[in-house]
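Let's walk through this structure together, beginning with a pair of helices and moving on to the loop and the core.

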Amino acid sequence: RIREELVKLPPEQREVFLLRTEGEVPFKEIAVIQGVSINTALARMHYAVLKLREALKDEYRACGGQTS
C-alpha cells in the first residue's frame with residue numbers, strides 16, 4: 001500500500017524519501033544529488049512524510065495504532 005501512495009508524491013519528494021529510507025543516503029548528499037540546499041531536501045522529506053502519514057492513517061489505525 002505504501003508503494004501506491006509513493007507514486008502519488010511529487011517526484012522530488014519521492015526521490016528524497018526513497019534515497020533516505022531505502023538508500024540511507026545522508027541529507028547533505030541528497031541535496032547535492034538534487035541540486036538544492038540541505039534545507040530544501042529536509043523540507044521535501046518532511047512534506048513527503050506528512051502526505052504518506054495522512055494517506056495511510058486509516059490503515060495504521062486498523063492495525064491498532066493511533067494518530068494525533
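The axes of α2 (11–21) and α3 (27–34) come within 10 Å and cross at roughly 140°. Helices here are DSSP runs of H or I with at least four residues, numbered from the N terminus; axes are lines fitted to C-alpha atoms over the stretch in contact, with angles running from 0 to 180 degrees between N-to-C directions. This is a predicted model, in which local features need pLDDT of at least 70 and side-chain atom pairs count only at pLDDT 80 or more, while totals for chains, interfaces and linings use all residues. Residues are numbered from 1 along each chain as its sequence is written, and side-chain values use heavy atoms, leaving out hydrogens and water.

Which residues make the contact (heavy atoms within 4.5 Å)? From α2 come Glu12, Glu15, Val16, Leu19 and Arg20, and from α3 come Phe27, Ile30, Ile33 and Gln34.

Between these two helices runs a loop that holds Glu24. Glu24 has a phi near 55°, a positive value in a residue other than glycine. Glu24 counts as exposed because its relative accessibility is 65%, where exposed means over 50%, buried under 20% and partly exposed in between (1.4 Å probe, protein chains only).

Now look to the interior. The largest nonpolar core has 12 residues, among them Val16, Val25, Phe27 and Ile30; such a core is a set of buried Ala, Val, Leu, Ile, Met, Phe, Trp, Tyr and Cys residues joined through side-chain atoms within 4.5 Å. α2, α3 and α4 (38–62) each supply at least two residues of this core, and α4 gives the largest share, 4 residues.

Conventions
Contact = heavy atoms within 4.5 Å.
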